[in-house]
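Here are some remarks for a colleague at the bench, set out as numbered points to be read beside the structure.

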Amino acid sequence: MKLKKMLAMLLVGATCVGMMAGCGGSTSTQGGGSAASEGSGENGNITLVMASRDEFLSTLEAAATKAAAADGYKLTAQDAQNDAQKQIQFVETAKNGGDVAVIVNPVDSDAAQSVVDAAGGMPLVFVNRPPTDLNVLSAENVAFVGSNEDTSGYFQGEYLAEYFKAEGKTEIKYILLQGILGQVSQIKRCAGVVQALEDAGIKATPVVELAAEYDRAKAIDKISPVLTSGQEFDCIISNNDAMACGAIEACQSAGIEIDFPIVGIDCTKDGAAAVQAGTLAMTVFQDPEGQGIGAVKACTNLIAGNPINEGTDYELDSSGAAYSDSIIWVPFEPVTAENVADYI
């Protein structure tokens, strides 16, 4: 495990290491079912309501489950299956059931106020996906824990700019695989990579922009016709590793040699393996364990009336906005062949 991730786990509380070692992770269930930690729960129950379950969010869930148990809370995870109304119902159930706090990975970032209303004053932490309107956050009972999307795509662009400058190119064409249209992560990841290329003096023109909703299979379906259409391109930019791996698979199925950079975000297990194999040029590590732990710590700090990052090494937002004290940033980190071994 990477050193920073190990330190983050230790920050949950050195006195609770023994408890963490004895706790089992939650079991993922389908059909919107729940999974509960094996923690004693003497301090109460926290519900984690996820938009869906994938590799990244399942890792976040497991880390949150252990962190909650270590602090004496039971964590119950619910899968909203990308249904915003179902997610709100889970939040209402948690409130009515006497939970001490709720963590929400929002289905619809635009509907954050509805989630806040459903929580009814109960400590609420949005995780991974920020509300579109950050003014719903409050130092008293609503926080956000995640990674600053202004930097994720920018890391991709910096890598690509260096790559193409070494080839003597100042103009490139790219295929873009986008996440869920309109989400903050999709918007900022797309904008960041283009901005970094422009800042480096690279004129970047899209061949096609494909919305594959962060899904590997959808990426394969969307990009395969483009790859065999004869259109020229210099690289493939993906909003996450799952779609990037789908692009790699589509290239291999079409018999296309991957002698151009494909870049992703998240540094999932498959993404890191692809970087090691040389098929994925780089990815950007988004720390699911750090976000899960940070979300639980934000909950317990809201309950205790402490600064939300107390007991962690994570920084609060430094923008000076009214909601700055309600945001914890878990840093993104660029991952290439040179350092990928640290992330395996």
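1. Among contacts between residues at least 6 apart in sequence, what percentage join residues at least 24 apart? In this predicted model the share is 71% for the chain, and that value is worth keeping in mind when a contact list is read further down.

2. As to the overall make-up, the chain has eleven helices and 14 strands, and 55% of its 344 residues are buried. The accessible surface comes to about 14,000 Å², and carbon and sulfur atoms account for 49% of that area.

3. The cysteines deserve a separate remark. C235 belongs to strand β9, which covers residues 235-238, and C235 counts as buried because its relative accessible area, 0%, falls under the 20% cut-off. C245 is likewise assigned to the buried class, because its relative accessibility of 7% is also under 20%. A search of the whole structure for disulfides finds zero.

4. The surroundings of C235 can be described in some detail. Leaving out residues up to four places away in sequence, C235 touches L160 and F164, the run I172, K173, Y174 and I175, and also F260 and P261. Of these partners, I172, K173, Y174 and I175 fall within strand β7, which spans residues 171-178. For a sense of distance, C235 and I258 are separated by 23 residues in sequence, while their C-alpha atoms lie 9.5 Å apart in space.

5. The largest pocket holds about 670 Å³ of space. Its lining consists of 30 residues, and those closest to its centre are D54, R129, E213, Y214 and N240. Four helices each give two or more residues to this lining, namely α3 (55-70), α7 (184-199), α8 (216-227) and α9 (241-253). Sorted by class, the lining has 14 charged, ten polar and six nonpolar residues.

6. Q183 makes a useful link to the pocket, since two of its contacts have already been named there. Q183 sits in the loop between β7 and α7, and, with neighbours within four places in sequence set aside, Q183 is in contact with V107, R129 and Y214. Is Q183 buried or exposed? Q183 counts as buried, because its relative accessibility is 7% and the class takes in values under 20%. R129 and Y214, both in contact with Q183, are among the lining residues closest to the centre of the largest pocket.

Conventions: Residues numbered from 1 in each chain as written. Predicted model: local features only at pLDDT ≥ 70, side-chain atom pairs only at ≥ 80, totals over all residues. Heavy atoms only, no water. Buried < 20%, exposed > 50% of the residue type's maximum accessible area, 1.4 Å probe, protein only. Contact = heavy atoms within 4.5 Å. Areas by Shrake-Rupley, 256 points an atom, 1.4 Å probe, with all protein chains shown as cover. Disulfide = S-S within 2.5 Å. 1 Å grid on protein atoms, 1.4 Å probe; cavity = no way out; pocket = protein on both sides within 12 Å on 5 of 7 lines; lining within 4 Å. Points joined across faces, edges and corners; volume = space filled by probe spheres on them. Nonpolar A, V, L, I, M, F, W, Y, C, P; charged D, E, K, R; others polar.
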